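Reader: I am new to this structure and would like to understand the reasons behind the words used to describe it. Could you show it to me, and then take my questions one at a time?

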Amino acid sequence: MTATATHTVPNEAPPSNAQPLLSVKNLKTYFPVKRGLMRRLVGHVRAVDDVSFDIGQRETLGLVGESGCGKSTVGRTILRLIPATEGSVHFEGQDVLAKNAGEMKRLRQRMQIIFQDPVGSLNPRMTVGRIIGEPIVVHKLAKGSELRDRVATLLNKVGLEPDHAFRYPHEFSGGQRQRIGIARALALEPKFIVCDEPVSALDVSIQSQILNLLADLQDEFGLSYLFIAHNLAVVEHFCDRVAVMYLGRIVELADRDTLYRNPLHPYTRALLSAAPNPDPTGKKQRIMLEGDVPSPIHLFKDNAPAPAPGSKPAAANTSCDPSEHTEDGVTHITRESLLDRPPLLEVPGEPGHFVSTHGFE
């Protein structure tokens, strides 16, 4: 493809509105890899490698991709549960990565997380009332009868009974445990919540209840969500915009309707083609990704020379087959052809739709 008059953004997208609630720019999170008796540094796992996006007030941004692409690491780095290597995170105009411990404690009242595992995220030795009330006590917002009243109110908000505060997590079902986790996230009245695959461990019937609960809470409290998921049907139903991640980078970003109607990146098209079709009579072009997911350790060596613009980085066991071919009605795309990760370009005629490509014809 040859580049034409397009708006080039170096791996970042414009804000969704004039003053985004959250602005992430060029975020990188690397984990050192050490080997040998002397624990010599041999490289880094580039879990998040130059990620940028904005989230507006009352907006839900979906972050999708295969397991291991860096989705959860993005969410936890934003909240500083994992230290960032480079980049910036601004929340309500405040530089999150520059805050000291005391300042970060105050800021966390406005930024919370709902974890994927409703079992592992709850302390089995604490009652539900103590679990939900703990952040309120830590931040010294209430105590005594006022604390108990706030816990009871939160339980009502998420569809549980006030007397559930005296029970332990093992006495509840998976969906109820996730409601407890949501109540805990709401305890400090945040404005932004990272939803780290909050329904992936639940039954399908319970998933819809939790999603409806999150939508109702968003309307009531004016919440913004970073919704991390791998279920594309859930993302289509729940999110306003969608960012697709592959090997630590965003390869396509657009509003929900545009992305599902006109996916442009080969990886996005492959993900969408793998989603179940609810219409049994409908036909969909199947796209298969060939090969295993490349290791970010071996793929991006710290001392490896940068590839020339437009060239494909060298990789082990590179296939000689064409990057994309059709056989028996199925389109096959080699993962090696996806290793070149150019900057995001805005699609001509589709404002706000960005795709990682070298240009458009």
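Reader: Which residue in strand 6 is the bridge partner of Phe 91, and what makes strand 5 and strand 6 a pair?

Author: In this predicted model, the bridge partner of Phe 91 is Gln 94 in strand 6. Two strands count as paired if there are at least two bridges between them, and 2 bridges join strand 5 (residues 86-91) to strand 6, so the two strands pair, and they run antiparallel. Strand 5 and strand 6 also form a hairpin with 2 residues between them, and in that turn Glu 92 has a positive phi of about 50°.

Reader: How do you know that strand 2 and strand 5 are paired?

Author: The same cut-off of at least two bridges applies, and because 5 bridges join strand 2 to strand 5, the two are a pair, running antiparallel. Ser 23, for instance, stands opposite His 90 in strand 5.

Reader: Why are strand 3 and strand 6 said to stand at the edges?

Author: The open sheet is formed by 4 strands in the order 3-2-5-6, with antiparallel pairing. Strand 3 (40-55) and strand 6 (94-95) each have a single partner strand, so one side of each is left without a neighbour in the sheet. Helix 1 (residues 71-78) lies across strand 2 (22-35), strand 3 and strand 5, and runs at about 110° to strand 2.

Reader: How do you know that there are 0 disulfides?

Author: A disulfide needs a pair of cysteine sulfur atoms within 2.5 Å, and a search of the whole structure finds 0 of them. Cys 239 may serve as an example, because the nearest cysteine sulfur, that of Cys 195, is 8.9 Å away, and Cys 239 is therefore in no disulfide.

Reader: Why is Cys 239 called buried, and what about Cys 69, buried or exposed?

Author: Buried means under 20% relative accessible area, and Cys 239, with a relative accessible area of 0%, is therefore buried. Cys 69 counts as buried too, because its relative accessibility is 4%.

Reader: What makes Leu 232 buried, and which residues is Leu 232 in contact with?

Author: Leu 232 is found in helix 7 (residues 232-238), and because its relative accessibility is 10%, set against a limit of under 20%, Leu 232 counts as buried. Leaving aside neighbours within four places in sequence, Leu 232 is in contact with Val 64, Tyr 260, Leu 271, Leu 272 and Ala 275. Leu 271 and Leu 272 are among the buried residues of helix 9 (residues 266-274), and the buried residues of that helix pack against helix 7, strand 10 (241-246), strand 11 (249-255), helix 8 (256-261) and strand 12 (286-290).

Reader: How do you know that the buried residues of helix 6 are on the same side?

Author: The buried residues of helix 6 are Gln 207, Ile 210, Leu 211, Leu 213, Leu 214, Leu 217 and Gln 218. They cover an arc of only 160° around the axis, which puts them on the same side of helix 6. An α-helix has 3.6 residues a turn, so residues three or four places apart point the same way. The face turned away from the buried side of helix 6 carries the exposed residues Asp 216 and Asp 219.

Reader: What is the reach of helix 6 set against?

Author: Helix 6 (residues 204-221) has 18 residues and reaches 26 Å from its first C-alpha to its last, which is close to the 26 Å expected at 1.5 Å a residue. Just after helix 6, Gly 222 takes a positive phi of about 65°.

Notes:
Residues are numbered from 1 along each chain as its sequence is written. This is a predicted model: local features need pLDDT of at least 70, side-chain atom pairs count only at pLDDT 80 or more; totals for chains, interfaces and linings use all residues. Side-chain values use heavy atoms; hydrogens and water are left out. Buried means under 20% relative accessible area, exposed over 50%, partly exposed in between (1.4 Å probe, protein chains only). Contact means heavy atoms within 4.5 Å. Axes are lines fitted to C-alpha atoms, for helices over the stretch in contact, and angles run from 0 to 180 degrees between N-to-C directions. The expected span of a helix is 1.5 Å times one less than its number of residues. The arc is that of the directions from the helix axis to the C-beta atoms.
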